[in-house]
Amino acid sequence: MTSGKDPTRPSVLGGPTIILVQPQLGENIGACARAMLNCGLTELRLVKPRDGWPNEKAVAAASGADPVLDGAKLYETTAEAVADLNVVFATTVRTRGMIQEFVTPRVAATELRAHVDSGHKTGVLFGPERTGLVNDDLTLASTLITVPLNPAFSSLNLAQAVLLIGYEWFQTGETPPDRLLHTGQTRPATKAELLNFFEHLEGDLDRTGFFTSPEKRPSMVRTLRNALERMQMTEQEVRTFHGVVAALTGRRKGEP
């Protein structure tokens with residue numbers, strides 16, 4: 001993949017605060033910052049990072065997500081890190097015997113969006129890489145997030161967890177359609193242009209004897225047209241195929 005960085009395009013920023021509790025490696029913090037900015041999240045809080053803060057390895061791993069790291073705030077306890085928040089979610093794998101409500105990341109993102117739209121300050125807690133959040137931290141959250149993965153292997157690294165939650169958050173906002181045809185300097189072909197090409201192709205196939213059975217010709221034509229329609233051809237591609245057909249049949253440009 002390319003870098004995906006384009007400062008000329010607008011950023012979609014804002015959302016819940018990400019709180020990393022006792023993260024172990026600077027590299028992991030940097031990777032989390034990168035995942036956050038991918039999803040438009042910019043507010044990062046750190047609770048007693050093991051390797052101290054600031055951390056040069058975090059900057060290297062952030063791959064340009066410096067605004068997130070530059071604005072990161074440091075706290076001694078988790079309680080202090082969430083003190084000004086109205087709503088807190090926490091990520092966990094194990095239930096730890098506690099009576100708590102669990103939701104999927106998708107449900108959590110929808111609920112977080114509703115809180116943010118209502119003006120509430122929200123945050124999501126992520127625990128240390130090796131152990132996850134302890135019970136005292138989990139009690140600070142109103143809702144726990146658990147990711148439905150392979151029961152035999154549901155381990156995620158810290159940045160993966162942040163990206164997963166961030167992605168679901170981003171999807172609750174204004175997002176592009178699931179499928180988009182990028183046409184560059186051209187445009188999608190009109191139906192008239194496609195029909196003109198179909199007639200050109202079918203006329204030359206008639207002349208070269210491709211349709212050997214008159215009875216089968218209609219179904220063969222439909223097959224060809226359906227296949228070509230699925231290509232979602234652009235105007236430039238239609239013109240190119242006109243040239244291809246003309247070259248294969250030996251007809252010169254402008255020849256009837």
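Is Ser 63 buried, exposed or partly exposed? In this predicted model, Ser 63 has a relative accessible area of 28%. Buried would require under 20% and exposed over 50%, so Ser 63 counts as partly exposed. This serine sits in the loop between H2 and helix H3 (66-70). Its backbone is worth a look too: phi of Ser 63 is near 50 degrees, which is a positive value in a residue other than glycine.

A second residue with this kind of backbone angle is Gln 22, where phi is near 50 degrees and the residue is again not a glycine. Gln 22 belongs to the loop between S1 and helix H1 (26-38). With a relative accessibility of 42%, Gln 22 counts as partly exposed. Another backbone feature to look for is the cis peptide bond that runs from Trp 53 to Pro 54, with omega near 5 degrees. Pro 54 is part of the loop between S2 and helix H2 (56-62).

With these loops located, the overall fold can be described. The protein contains 10 helices and 7 strands, and 35% of its 256 residues count as buried. About 15800 Å² of the protein is exposed, and carbon and sulfur atoms supply 54% of that area. Taking the contacts between residues at least 6 apart in sequence, 83% join residues at least 24 apart.

The 7 strands come together in an open sheet with parallel pairing, and reading across the sheet gives the order S3-S2-S1-S6-S4-S7-S5. At its edges are strand S3 (73-75) and strand S5 (102-103), each of which pairs on one side only. Elsewhere in the sheet, strand S1 (residues 17-21) runs parallel to strand S2 (residues 44-47), and 4 bridges link the pair. One residue pair to find here is Val 21 with its bridge partner in S2, Val 47.

Strand S4 makes a good landmark within the sheet. S4 pairs with strand S6 (residues 122-126) in the parallel sense over 4 bridges, and with strand S7 (residues 143-145), also in the parallel sense, over 3 bridges. Phe 89 shows both pairings at once: its bridge partner in S6 is Val 124, while in S7 it stands opposite Thr 143. How enclosed is this strand, and what do its side chains do? Because 5 of the 5 residues of S4 (residues 87-91) are buried, the strand is largely enclosed by the rest of the structure. Val 87, Phe 89 and Thr 91 point one way from S4, Val 88 and Ala 90 point the other way, and all are buried.

Thr 91 also leads to the second largest pocket, which holds about 520 Å³ of space. There are 23 lining residues, and the closest to the pocket centre are Thr 91, Thr 92, Val 93, Gly 132 and Leu 156. Helix H7 (residues 158-171) gives the most to this lining, with 3 residues. Sorted by class, the lining has 10 nonpolar, 9 polar and 4 charged residues.

A last stop is Glu 235, found in helix H10 (residues 235-249). Glu 235 counts as buried because its relative accessibility is 18%, and the cut-off for buried is under 20%. Apart from its neighbours within four places in sequence, Glu 235 is in contact with Thr 186, Arg 187, Pro 188, Ala 189 and Glu 193.

Methods
Residues numbered from 1 in each chain as written. Predicted model: local features only at pLDDT ≥ 70, side-chain atom pairs only at ≥ 80, totals over all residues. Heavy atoms only, no water. Buried < 20%, exposed > 50% of the residue type's maximum accessible area, 1.4 Å probe, protein only. Helix = DSSP H or I, 4+ residues; strand = E, 2+ residues; numbered from the N terminus. Pairing = 2+ DSSP bridges. Contact = heavy atoms within 4.5 Å. 1 Å grid on protein atoms, 1.4 Å probe; cavity = no way out; pocket = protein on both sides within 12 Å on 5 of 7 lines; lining within 4 Å. Points joined across faces, edges and corners; volume = space filled by probe spheres on them. Nonpolar A, V, L, I, M, F, W, Y, C, P; charged D, E, K, R; others polar. Areas by Shrake-Rupley, 256 points an atom, 1.4 Å probe, with all protein chains shown as cover.
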